[in-house]
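Colleague: Could you take a close look at one part of this model for me, the stretch towards the end of the sequence? I would also like to see how it sits within the whole chain.

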Amino acid sequence: MDWDRFAQKMASMARDLLAQESVGATLERITASATELVDGCDAAGILLLRGSEVETLAATDQLVVDSDRLQARLGEGPCFDAARTATGERVFRIADFTAEQPRWLAYAPRARALGVGSMMGFLLFTEEERLGALNLYSRRPGAFTEASELSGWLLASHAAVAFSSARTHAQLEQAIATRHLIGEAMGILMGRHHISEDQAFDVLRRYSQENNVKLREVARLVCEKGTVP
């Protein structure tokens, strides 16, 4: 493998990831980069676990979605292990799904039937948080080598930072938008009912709590209707 050329591509990809305008675009660029940069990779996707719920993001092929659904149904698999590991393994490489896989007795034979030949999983993490798992698939047994694993690990390291940054930025933008919306709703209530700022906020808060509706949604309704629904 030409590591100098790979390093140049990785540097270009890292800059490109940070330039994406949304979380979704960032994730799609991550998985597309995996198929471009990691030898043997036919398909890639990002798996998130929320309790027992599985979410597949930015899959480049239906094979990724099918595999994640299978693991969710069975409650086992290498992507699961990569996503939920705490202090243990952060990289999984299954070289050959045509050979017996005692670790995943239920998943492995069904994965072969889907067309999985080999795969790798990488925990996406920063010092502050675990974000999910980047999973790479090949339809050929033995497609992933040690060089593939190293390049996948480097990609996952850059991906975790970009994913975390994009999500933080999106959360900040949403918080600013929510604050503006609530302020606008409070202004409407203050003008219509001749109440103070604190009283207007209390009206929104009480309605939110009593009706189990998020404060942002209450504010949006006030802005649309001119008063509390």
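Modeller: Happy to; I will start with the chain as a whole, then go through that stretch, and finish with a few places elsewhere for context.

Please keep in mind that this is a predicted model. The mean pLDDT of the protein chain is 83, and 90% of the residues score at least 70. Confidence is highest in helix α5 (residues 107–114), at a mean of 93, and lowest in helix α4 (residues 78–84), at 73. Where pLDDT is low, predicted coordinates should not be read in detail.

Eight helices and five strands make up the secondary structure of the protein chain. Their order along the sequence is α-α-β-β-α-α-β-α-β-β-α-α-α, so your stretch belongs to the run of helices that closes this pattern. Of the 229 residues in the protein chain, 40% are buried. Among contacts in the protein chain with a separation of 6 or more, 60% involve residues 24 or more positions apart. The protein chain exposes about 12,200 Å², with carbon and sulfur atoms supplying 48% of that area.

Now to the stretch itself. Helix α6 covers residues 146–193, and Ala185 is one of its residues. Is Ala185 buried or exposed? Ala185 has a relative accessible area of 0%, under the 20% cut-off, and therefore counts as buried. Leaving aside residues up to four places away in sequence, Ala185 touches Leu204, Ala219, Val222 and Cys223. Two of the other helices come into view here: helix α7 spans residues 197–211, and helix α8 spans residues 215–225. Between the C-alpha atoms of Ala185 and Ala200 there are 8.4 Å in space, while 15 residues separate the two in sequence.

One of those contacts of Ala185, Cys223, has a relative accessibility of 24% and so counts as partly exposed. Cys41, at 8%, is buried. A disulfide is a covalent bond between the sulfur atoms of two cysteines. In this model the number of disulfides comes to zero.

Charged side chains add another layer. How many salt bridges does a search of the whole structure find? The total is seven. Within helix α7, Asp202 and Arg206 are four residues apart, about one turn of the helix, and their side chains meet in a salt bridge with an N to O distance of 2.5 Å. Both partners are partly exposed, with Asp202 at 23% relative accessible area and Arg206 at 37%.

Helix α8 holds a salt bridge too, between Arg220 and Glu224, whose closest N and O atoms are 2.4 Å apart. Because Arg220 and Glu224 are four residues apart in helix α8, about one helical turn separates them. Arg220 is partly exposed at 31% relative accessibility, whereas Glu224 reaches 53% and is exposed. Back among the residues just discussed, shared partners also link salt bridges into one network of Asp202, Arg205 and Arg206.

Helix α6 has another residue to look at, Trp153. Why is Trp153 described as partly exposed? Its relative accessible area is 42%, and partly exposed covers values between 20% and 50%, so Trp153 falls in that class. Together with Trp3 and Leu150, Trp153 forms a nonpolar patch on the surface, and the accessible area of these residues together is about 300 Å². Helix α6 thus includes a buried alanine, Ala185, as well as the partly exposed Trp153.

For context, here are two places outside your stretch. Arg29 and Glu36 have side chains that meet in a salt bridge, at 3.6 Å from N to O. Arg29 counts as partly exposed at 22% relative accessibility, while Glu36 counts as exposed at 51%.

The other place is Phe97, in the loop between β3 (91–94) and α5. At 0% relative accessibility, Phe97 is buried. Not counting residues up to four places away in sequence, Phe97 touches Tyr107, Ala108, Ala111, Arg112, Val116, Gly117, Ser118 and Met119. From Phe97 to Val116 the chain runs 19 residues, yet their C-alpha atoms are separated by 6.8 Å.

Terms used: Residues numbered from 1 in each chain as written. Predicted model: local features only at pLDDT ≥ 70, side-chain atom pairs only at ≥ 80, totals over all residues. Heavy atoms only, no water. Patch = residues over 30% accessible without salt bridge, like charges linked within 9 Å, V, L, I, M, F, W, Y side chains within 5 Å. Areas by Shrake-Rupley, 256 points an atom, 1.4 Å probe, with all protein chains shown as cover. Salt bridge = Lys/Arg side-chain N within 4 Å of Asp/Glu carboxyl O. Buried < 20%, exposed > 50% of the residue type's maximum accessible area, 1.4 Å probe, protein only. Contact = heavy atoms within 4.5 Å. pLDDT = per-residue confidence, 0-100. Disulfide = S-S within 2.5 Å.
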